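This report describes the architecture of one chain and then turns to selected side-chain pairings. The sequence and the structure are shown here.

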Amino acid sequence: MPHIAVTIGAGRSPRQLRTLLHEVHAAVLRSVDTRPEHVRVVLHEVPRTHWSTADTTLAELDQEPVRPTGPAEPTTPAEPAELAEAAGEREPS
């Protein structure tokens, strides 16, 4: 019987939590040869004042102003043909 424990900072809506439970259950069924009634998923919500990273609680992080990060960088390098097309150039056919 798979038993999956999920720990998450409090603050999500009941609908978000239900969706999370459903998606974790579905992922287990896709990944492991078991019956749906054997999958156990337990969701632990931790108060944001009780969870810290680098000595800063999630509640404190929530209070920090959002800083703009500038334009997004491409996540994958462009192919030479894509770069040429973006520059208005085309390779000969």
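What percentage of the 93 residues in the chain do buried residues make up? Buried residues, defined by a relative accessible area under 20% (exposed is over 50%, partly exposed in between, with a 1.4 Å probe and protein chains only), make up 16% of the 93 residues. The model is a predicted one, in which local features need pLDDT of at least 70 and side-chain atom pairs count only at pLDDT 80 or more, while totals for chains, interfaces and linings use all residues. Residues are numbered from 1 along each chain as its sequence is written, and side-chain values use heavy atoms, with hydrogens and water left out.

**Overall architecture**

The chain contains 3 helices and 4 strands, taken as DSSP runs numbered from the N terminus (helices H or I, at least four residues; strands E, at least two). Their order along the sequence is β-α-β-β-β-α-α. About 7,900 Å² of the chain is exposed, and carbon and sulfur atoms supply 54% of this area, as computed by the Shrake-Rupley method with a 1.4 Å probe. Contacts are heavy atoms within 4.5 Å. Of the contacts with a separation of 6 or more, 60% are between residues 24 or more positions apart.

**The β1-α1-β2 unit**

Strands β1 and β2 run parallel and are joined by 7 bridges; two strands pair if DSSP finds at least two bridges between them. Within this pairing, Val6 has Leu43 in β2 as its bridge partner, and His3 stands opposite Arg40 in β2. Together with α1, the two strands make a right-handed β-α-β unit, where right-handed describes a path from the first strand over the helix to the second that runs clockwise with the strands pointing away from the viewer.

Helix α1 covers residues 14–31, and its end C-alpha atoms are 26 Å apart, which agrees with the 26 Å that its 18 residues should span at 1.5 Å a residue. That expected span is 1.5 Å times one less than the number of residues. The buried residues of α1 are Leu17, Val24, Ala26 and Val28, and they pack against β1 (3–9) and β2.

**Salt bridges and the region of β4**

Side chains of opposite charge can pair when their charged atoms come close. The chain has 2 salt bridges, each a side-chain nitrogen of Lys or Arg within 4 Å of a carboxyl oxygen of Asp or Glu.

| Salt bridge | N to O distance |
|---|---|
| Glu37 and Arg35 | 2.6 Å |
| Asp62 and Arg48 | 2.6 Å |

Asp62 lies in helix α2 (residues 58–63) and Arg48 in the loop between β2 (40–46) and β3 (52–53), so this pair ties together parts that are 14 residues apart in sequence. Asp62 is partly exposed at 44% relative accessible area, and Arg48 is partly exposed at 25%. In the other pair, Glu37 is partly exposed at 43% relative accessibility.

Arg48 also takes part in contacts with Thr57, a residue of strand β4 (residues 56–57). Thr57 counts as buried because its relative accessibility is 17%. Leaving aside neighbours within four places in sequence, Thr57 is in contact with Arg48, Thr49, Trp51 and Ser52.
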